[in-house]
Structure formats: C-alpha cells, structure tokens
Amino acid sequence: MKREFDVVVIGAGPAGMSAAIGLRGQGLSVLVVDEQAAPGGQIWRAVEAVAGTPTGKLLGDEYRAGLDLAARFRASGAVYQPQTQVWQIEPGWHVYMTRDGQAEAVRANQIVLALGAQERPAPFPGWTLPGVLTVGAAQILLKTSRQVPSEPVWVAGSGPLPLLYMAQLLRAGGKIAGWLDTSPPGGWRRALPWAGAALAGWGDVSKGMAWLREIKAAGVKRVRGVTALRALGDGRLQEVEYTGGDGKTVRAPASVLLSHEGVVPSIHMTRALECDHSWNVQQACLTPNVDEWGQTSKSGVYVAGDGAGIGGAQAACVRGELAAIGIAQQTGRLTPQAALGLAAPLHEKLAGLLRLRPMLDALYPPRASIFSPPDDTIVCRCEELTAGDIRKAAAIGQPGPNQIKSYTRAGMGPCQGRQCGYTIAHILAAEQNRPVAEVGFYRIRPPLKPLTLGELASLDIEEEKA
C-alpha cells in the first residue's frame, strides 16, 4: 500500500526543517526524508548531539543556532524519516526512496526539494591522492566527531568557508602548515560597487574579519594569489606544490591538503525533473528558475534553500518558510491575500540576508585554472577519466556533455556527474570556442543515487498491477 502525504520534503537542513514546520502549521500532512541520521543538514550537522558540548562551543554561535530549529522541527508533527535516499521522482508526484535496504514509493501532491549545495568540484593534479580532502569534508569530521588532524594541514582555496574552518580548527587545537589563498587579486576593487551593501551587512563582514584576525594571530603563513596547485606523493600525499602570485613555484612537505573553491546549488533532481534553469555567470553554475514561493517551472515542485541559489543558512530558513506559504496558498489553506500578507516581511528579510551575496561573488570568483586542468588530471573520479581523455573525445565532431558521456562513460558512475559535470562542460566550451552556458550540462537520468538490484526488487508494485 503506497503511503500518501500532502507534501514530501526532501532534505532536513535549515530549509527543509523550516518548510516542514510551516506546512504543519497550515495543517498539511508532511513527510520529511533525509540521507543523514539526524536533522540539521551540512551546516548544522549533528547539532542536537554536539551543540551542548565543548565542540559545539568552538564551532560558534551560528552553529548552535540550529538547535532551536531542530527542536521545533521535531515537535512539528511532520513524519521524519532519516537515512533515506531518494533515487527517482515521477510526475504525480511519486517519490521513490530506499531505507535499510527496502525500497518504497510515496505519493504526494507537492514536493519541496531542500537539497542545499555542494562544494564546487575543483580538479588539480593529485587531488585523488589519499590525504587530499575538501574543506567541507574536514569540517564534517570536526562537527561529528571532533577529528583534528595530528599533523599540520595545508588549506588551499577561497571564500568564507576556509576562513571559518581554519578559525575553528585552531580553536580545536589543530595546526595549519599554510594557507594557499587562491582568490584572484583585486578582490576589494571588484567588490567596490557593493560597498553600501557591506556597510548594511557589517555584522556578517565583521565575522569574516574576526576569523582573519584569529588566523593571523596564530601565525598562519598565507600565500596570496595562488594560481596553480599540485598534490604529490607515492600512494598518498607527501608534498604540495604551488605557484604564488609572484610567479614562483614552491614545493613543501604535506600530509593533509584541504581544498575549497566555493559552493554551487545541488541541481541533479531539478535537472532530472527537467525544470527550467539559468546560467549564473558570476558563479559559473546553473540555478533552477523559481517564482516568489520557490516553485519551479514544474507545478507542485518547489526548491528551498541553497538549492535555489547560494544564500546561507538564515536565507535557507526564510526560503523554506516561503515555500510553505506558497504551498498553503496553492492548496487553498490560505487565500492569496493572506499568503501575501505573511510573505511580505519574509521577502524583505530575505532581501536583506542576500544583500552581501553580489559582493561575495565579486570577492571570490572561481579560479580560472580549475576549469582547465592539465591533460593528466583526473576529472571524472568514478570512471578515472582525465582531462586529456575528454579533450580527445571533444575532437570527434562537436559533442555536448551527453555525447561525451556516451563516448567515454564520463558521468555514468555512482556520483552521476556531480563531480565532473561542470569541469567537462568547461573543457568542451574551451575546445569548441563557445560559451559554457551554451554547451549545457548532463541530462540526468535515474537512479539519482546508487541502487542495488535487491533494493529495486523489494519495491512493492502491487498497487500498480491492480
């Protein structure tokens, strides 16, 4: 017997929890499914277990702020199903998922995709060596189990997350061998047009400056304007090689290298549902087109949180609340006038929370070299394909990403192109001398997540047979 709900929310981070609370407040039946073992998403990961511990204290007030929302979500009356992977969504809406080896299909009138963001894949020579991680992965280890590398770590990248992580790592007793700052020179000059926004959002700017002071006070070596990066070693990371802004190439011993080049919205589900998307030139990524409630071009499919555009945890909460109001209006629980009245202060709040975003985009644009890795660099980790393999395939006619997938199997592994999609699109664009937005992205096909035949066989299809 297939379960039915008014709304299925996919993701229990800030946006998903906020949407569920709002939907339950309107009397709608809600199922929230999430891959993690507890609510919080990546930003507030394990917040219920960690917020009250010394680790929670060192992670800061913004992390502990997630505890209250998690408590309200638990008390909302939404059916919460953790450790569940969604692998297919069909019009209707039928959501196919797997938990504990058992597959199930659930029907809903509306769905909310609160999938958040992922770190931008940034391939460089040696990035697949053991000992090389992303900053986000290292922060998850710190949040969930207070794992601090025993040896000093190298941090390479740009954006607010490396600053936050380095400050947190130092508070936890970790050591930093060096900070390889890959932000292109002239950041503050590029950000100058948004000086007014910086003043209006001084609270957030000052937090970033406080992290910088912590890092400087700890004596961390900072190398500015890094343009090239290599991880070297036999079987594991042993050395890091970088080229600084002065053009000099330096090699140094390394046991842990953490990289980060910004975040991009998670778009695989909206792409699989063939929702309309637009190309974000500043951040070189796709974002789904949504209306004022977060509804996509597919009626009944909403996107809330960073999946609709990078904005951070507080903005994600507001977007979740707006999605709930929009759905309540669509289902007749709220009149259009009542919905607009509830939404007006939220839209104003959201605009304020996003005010700094253009300035951050100007300060931290993606480093150009990550889109043009050397020929011997692996770009599709699942199929172990190099940039050179893709360039050879690109010489056959004028293929798009889907033809490259057919030629080489790039994007056909377990990650379904999450790690290689943008890199391959940029390589094709360069080889064909045309805009990457024109080249496009993979067509995403099910299953969205790995699924065993046993799990597929466990799916109850008696209803469909009848």
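## Loops with unusual backbone geometry

Helices, as runs of H or I of at least four residues, and strands, as runs of E of at least two, are taken from DSSP and numbered from the N terminus. The model described here is a predicted one. With these names in hand, Trp93 can be placed in the loop that lies between β4 (85–90) and β5 (94–99), and the peptide bond that leads from Gly92 into Trp93 is cis, its omega being near -5 degrees. A second cis peptide bond joins Pro446 to Pro447, with omega near 0 degrees, and Pro447 belongs to the loop between α18 (436–439) and α19 (453–457).

Most peptide bonds are trans, and most residues other than glycine have a negative phi. Against that background Arg146 may also be noted, since this residue, although not a glycine, has a positive phi of about 50 degrees; Arg146 sits in the loop that runs between α6 (135–145) and β9 (153–158).

## Regions named in the record

UniProt, in an unreviewed entry, places a feature called "domain: FAD/NAD(P)-binding" at residues 5–316. Over residues 5–316 the chain of the model is 30% helix and 29% strand, while the C-alpha atoms at the two ends of the stretch are 23 Å apart.

The unreviewed UniProt entry also lists "domain: SoxA A3" at residues 379–457. Within residues 379–457, helix accounts for 47% of the chain and strand for 5%, and the end C-alpha atoms are 33 Å apart.

## The parallel sheet and helix α6

An open sheet is formed by five strands in the order β8-β15-β9-β10-β11, with parallel pairing. At its edges are β8 (132–134) and β11 (222–223), each of which pairs on one side only. Inside this sheet, β9 and strand β10 (residues 176–181) pair in the parallel sense over five bridges, and Val155 stands opposite Trp179 in β10. Helix α6 packs on the sheet, where it touches β8, β9 and β15 (257–261), and the direction of α6 makes about 80 degrees with that of β8.

## The antiparallel sheet

Three strands, in the order β12-β13-β14, make up an open sheet in which the pairing is antiparallel. Because β12 (228–232) and β14 (249–253) stand at the edges and have a single partner strand each, one side of each is left without a neighbour in the sheet. Neighbouring strands of this sheet are turned against each other by 15 degrees on average, with direction ignored.

Strand β13 (residues 239–243) is joined to β14 by five bridges, the two running antiparallel. Along this pairing, Glu239 has Pro253 in β14 as its bridge partner, and Tyr242 stands opposite Val250 in β14. The hairpin of β13 and β14 has five residues between the strands, and in this hairpin Gly247 takes a positive phi near 85 degrees.

## Two pairs of packed helices

Helix α1 (residues 14–25) packs against helix α5 (residues 66–74) at an angle of about 40 degrees, and their axes are 9 Å apart; with that angle, α1 is oblique to α5. The crossing of α1 and α5 is left-handed. On the side of α1 the contact is made by Pro14, Met17, Ser18, Ala20 and Ile21, and on the side of α5 by Leu69, Ala70, Arg72 and Phe73. Sorted by class, the contact of α1 with α5 comprises seven nonpolar residues, one polar and one charged.

Further along the chain, helix α12 (residues 313–330) and helix α13 (residues 336–353) pack at an angle of about 165 degrees, with axes 10 Å apart. Angles over 145 degrees count as roughly antiparallel, so α12 is roughly antiparallel to α13. The crossing of α12 and α13 is left-handed. Among the residues that make this contact are Val318, Leu322 and Ile325 of α12, together with Leu342, Leu346 and Leu350 of α13. By class, the contact of α12 with α13 has 11 nonpolar, three polar and three charged residues.

## Pro365 and its surroundings

Pro365 is found in the loop between α14 (357–363) and β20 (378–380). When neighbours within four places in sequence are left aside, Pro365 is in contact with Pro184 and Arg190. Between Pro365 and Thr452 there is a separation of 87 residues in sequence and of 39 Å in space, taken from C-alpha to C-alpha.

Note on methods. Residues numbered from 1 in each chain as written. Predicted model: local features only at pLDDT ≥ 70, side-chain atom pairs only at ≥ 80, totals over all residues. Heavy atoms only, no water. Pairing = 2+ DSSP bridges. Axes fitted to C-alpha atoms, helices over the stretch in contact; angles between N-to-C directions. Parallel < 35°, antiparallel > 145°, perpendicular 65-115°, else oblique. Left-handed = near helix turned anticlockwise from the far one by under 90°. Contact = heavy atoms within 4.5 Å. Nonpolar A, V, L, I, M, F, W, Y, C, P; charged D, E, K, R; others polar. UniProt positions renumbered as here; feature names shortened; annotations may be inferred.
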